[in-house]
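Biologist: I am new to this structure and would like a close look at a single part of it, the aromatic pairs. Please set them against the protein as a whole.

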Amino acid sequence: MSLLFSETDERTIEIARAVYQKHFTRDPELEKEYDERRKRIMYDDILVNIGYLNAAVLLNDERLFVDYARWIYRLLVSLMKDIDKNRIKEQMIMHYEVLYETLSEYSSADDTAKAKEHIENAILATEKTAESEEYEEQVFTEKHMKYKKKYLEKLLKTDTRGAIEVVQEAIEKGVDLEEIYINILQEVMYQVGELWHKNLITVDKEHYCTSTTQMALSQFYPIIFSKGRKGYKIVACCVGSELHEMGMRMVSDLFELNGWDSIYLGAGVPINAVITSIKENKPDLVGFSVTMPQHLPLCLEYVNKTRKEFPNVKIAVGGRAFATTNRLWEKWDIDVYAENAAVFIDWTKNNIEKQG
């Protein structure tokens with residue numbers, strides 16, 4: 001079943017507009033609290049909310065929409081400090097009620113019933129989150145702590161040269177390149193994402209941190225591509241219109257470092273193009289990454305079509321989106337889910353290289 005097709009689908013847009021209008025009809029105070037900028041953001045958020053709900057229903061995953069409800073409530077509390085958090089809780093609960101009512105007007109009884117449980121759980125999660133002062137923060141692991149702290153400090157000061165020098169210092173001190181990728185740069189970028197979610201840095205600062213880290217990665221390419229080849233290939237891509245593609249790029253780099261040839265297709269690649277690439281390159285492994293949970297249904301489509309076309313190819317999935325689910329990957333026809341690049345590469349050594 002499907003409540004919608006995409007955020008640009010006419011039916012989805014019609015539902016989002018109806019939800020938006022009902023909000024202001026039910027709660028006239030919003031006109032005083034929301035300026036034009038907030039109104040635009042609110043409408044965009046409604047589209048995203050529908051996308052998350054759609055993914056939860058399609059994938060029958062009870063955790064996905066609940067985790068999102070907690071996250072969006074905390075984000076709004078951080079963004080709208082001029083509005084009391086209990087007022088934000090009321091707005092979110094009303095949103096879920098309006099969303100359910102509107103879906104019942106546009107969708108079948110069966111589809112609406114499937115959405116109802118996810119919406120009710122989101123309301124409960126919002127209420128409990130509003131009652132709790134606790135917030136689960138991303139924290140650094142102890143390994144290479146001094147480099148992580150220094151690198152993040154330079155990024156937040158927009159000190160590009162200083163950030164690059166921190167990475168160069170780690171290289172000069174003999175830190176393994178794989179550890180620089182996974183234990184330093186990846187952890188720092190997770191922390192950057194947390195800072196943005198909590199409205200402690202602006203989106204332009206987050207983009208700067210990403211582009212600077214990509215620059216830092218580029219200095220490793222002479223080392224990476226000087227390594228001997230093992231004769232194995234991976235085709236990798238980010239599913240959907242992902243802007244957060246650096247994680248899979250780092251994975252591809254680490255496969256190159258470990259002697260594989262990587263064909264990294266980037267983000268937003270149609271499944272037919274992925275199929276064509278697999279036919280042309282005959283990889284030993286195909287990897288799909290998802291950062292935004294609303295793209296998980298599309299990832300499942302990519303997995304199923306790849307499996308149908310190439311029954312014997314190894315398929316891997318990963319990305320932060322899976323961490324918001326109830327071990328969703330266990331229901332899919334894949335060979336491995338990897339929570340990080342180190343796990344991914346270790347698995348290939350034991351299950352592909354040793355077998356070949």
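Modeller: The overall form comes before the aromatic rings here.

This is a predicted model, in which local features need pLDDT of at least 70 and side-chain atom pairs count only at pLDDT 80 or more, while totals for chains, interfaces and linings use all residues. Residues are numbered from 1 along each chain as its sequence is written, and side-chain values use heavy atoms, with hydrogens and water left out.

The protein has 15 helices and 5 strands (DSSP runs numbered from the N terminus: H or I of at least four residues for helices, E of at least two for strands). Its radius of gyration is 22 Å, close to the 21 Å that the globule rule gives for 356 residues, so the protein is as compact as a globular protein of that length. That radius is taken over C-alpha atoms, and the rule is 2.2 Å times the number of residues to the power 0.38. The C-alpha trace spans about 65 × 50 × 30 Å along its principal axes. Of the 356 residues, 51% are buried (under 20% relative accessible area, with exposed over 50% and partly exposed in between, using a 1.4 Å probe and protein chains only).

Now the rings. Those of Phe, Tyr and Trp (its six-membered ring) pair if their centres lie within 6.5 Å; planes under 30 degrees apart count as stacked, over 60 as edge-to-face and the rest as tilted. By this rule there are 16 aromatic pairs. One of them joins Tyr 20 and Tyr 43 edge-to-face, with 6.1 Å centre to centre and 90 degrees between the planes. This pair links distant parts of the chain, as Tyr 20 sits in helix H1 (residues 10–26) and Tyr 43 in helix H3 (residues 36–59), 23 residues apart. Tyr 20 is buried, at 17% relative accessible area, and Tyr 43 counts as buried at 19%.

Tyr 232 and Trp 260 form a stacked pair, 5.2 Å centre to centre with 25 degrees between the planes. Distant parts of the chain are linked here too: Tyr 232 is in the loop between helix H11 (221–224) and strand S1 (233–238), and Trp 260 in the loop between helix H12 (246–257) and strand S2 (261–267), 28 residues apart. Tyr 232 counts as buried at 15% relative accessibility, and Trp 260 counts as buried at 1%.

Elsewhere, ring pairs link Tyr 52, Phe 65, Tyr 68, Trp 71 and Tyr 96 into a cluster.
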